[in-house]
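Biologist: I would like to learn how to read salt bridges in a structure I have never seen before. Could you show me the model and take me through it?

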Amino acid sequence: MDTEKDPSCNKVPLFEKADFPVGVAVDFAKLIRDEAYRNLIISQFNSITAEQSMKASFIHPARDAYNFSETDQLIEFCKKHNKRLHGHTLVWYKGNAKWMDKFKGDKDAWDQVLKEHIHTIVGHCRGNVKSWDVLNEAFNDDGSLRQNVWLKNIGEEYIEKCFRYAAEADPAALLFYNDFDLESRPEKLDAVLKYLGRLKAKGVKIDGIGMQMHTNVNFPYITDINMAAMEVEAHGFLVHYSEFDISLVKAGTLWMMDKHLLKRQGSRMKEIVAGYRRLGSKSRFGITMWGLSDADSWLYDKNDHDRPLLFDKRYKVKPAYCGFLEALTE
Ligand code: G3I
């Protein structure tokens, strides 16, 4: 697909135009080795999420071993370039280290594992990581609790414990629950809000909700997205569009992969960002793109026809970028 013939806008520092933080998920190896990748991130974004480096499987590879090498370099990068670092993610059923899934012990032993894991990682990063996705994807589509080793071995108190342990290790960090499809599955959103609301009422520190926002050019409807975000806000949570992308392929539109589709993606981007800006300024934790260029996306790994992000594989702006920018200036 030809994206070069559509220069409806120029590259400008996106985050400087925005009245909320603009983030990107970062591939550590590319950040270190690829100068163009690094420079584009520095010039366009003011919030960084590690796509892999801070997941349990990477950062806590054995019960008594932690690997903070990439995290420490990300912390230095963020300090040097004045970027916010958002930690992703302390507890995620898919991100577990292999040893966690094999661990054997009673409820207290599992609780100890969870506590050590969270205390050590959050404690190590205290003061340098502004916010955490403490718990990722703990609910099923129907609003029931997703089965995972923590639920199985500790019981549903594990959810409360995750947030309590994170707050103990860094009382100043902002703590998030992160999940997908919250904007398209009202029963899931409702269950998450009720559950987290009950914990908050008990005094558990939960500051915000990450709505991942893995969307596509047709779905979800903009009114559903905006209403879901407003509902999260109305329950007193910060709203982070935490893993935003707009797939072309997932919409079943592969047959019309032409520049009209990229334009449509641009107008989708504009309406979604404009909707986000209608939230109160204090509720807007930011919008984080889940990757830099189309070729960096997890969706591209699944299908290299997809073009879900703001920049093409040569780091040229796409209509999606222009749509984002237009939403900031209107
Ligand atoms: O780095 C290795 C490489 O050495 C190896 O040759 C290759 C072979 O498969 O794998 C590479 O690692 C892959 C890694 O991405 C880097 O590309 C892993 O297999 C693959 O599982 C991993 O996928 C990531 C996935 O989370 C699982 O951690 C995606 O990049 C990342 O975008 C995705 O992000 C998740 C969020 O954390 C949570 N929400 C959903 C989102 C999308 O699935």
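Modeller: Gladly! Let us begin with a term: a residue is called buried when its relative accessible area is under 20%, exposed when it is over 50%, and partly exposed in between. Keep in mind that this is a predicted model.

Biologist: How many salt bridges does a search of the whole structure find?

Modeller: The search gives 18 salt bridges. A good one to start with joins the side chains of D19 and R284, with N and O 3.1 Å apart. D19 sits in the loop between α1 and β1, while R284 belongs to strand β9, 265 residues away along the chain.

Biologist: Is R284 buried or exposed?

Modeller: R284 has a relative accessible area of 11%, so it counts as buried. Its partner D19 comes out at 39%, which makes it partly exposed. These two also belong to a network of salt bridges that includes R277.

Biologist: Which residue does K30 meet in a salt bridge?

Modeller: K30 pairs with D296, at 2.6 Å from N to O. K30 lies in helix α2 and D296 in the loop between β9 and α13, so this bridge ties together parts 266 residues apart in sequence.

Biologist: And how accessible are K30 and D296?

Modeller: K30 is partly exposed at 26%, whereas D296 is buried at 11%.

Biologist: What about R185: which residue is its salt-bridge partner?

Modeller: That is D181, and the closest N and O atoms of the pair are 3.5 Å apart. R185 is partly exposed, with a relative accessible area of 29%.

Definitions and conventions:
Residues numbered from 1 in each chain as written. Predicted model: local features only at pLDDT ≥ 70, side-chain atom pairs only at ≥ 80, totals over all residues. Heavy atoms only, no water. Salt bridge = Lys/Arg side-chain N within 4 Å of Asp/Glu carboxyl O. Helix = DSSP H or I, 4+ residues; strand = E, 2+ residues; numbered from the N terminus. Buried < 20%, exposed > 50% of the residue type's maximum accessible area, 1.4 Å probe, protein only.
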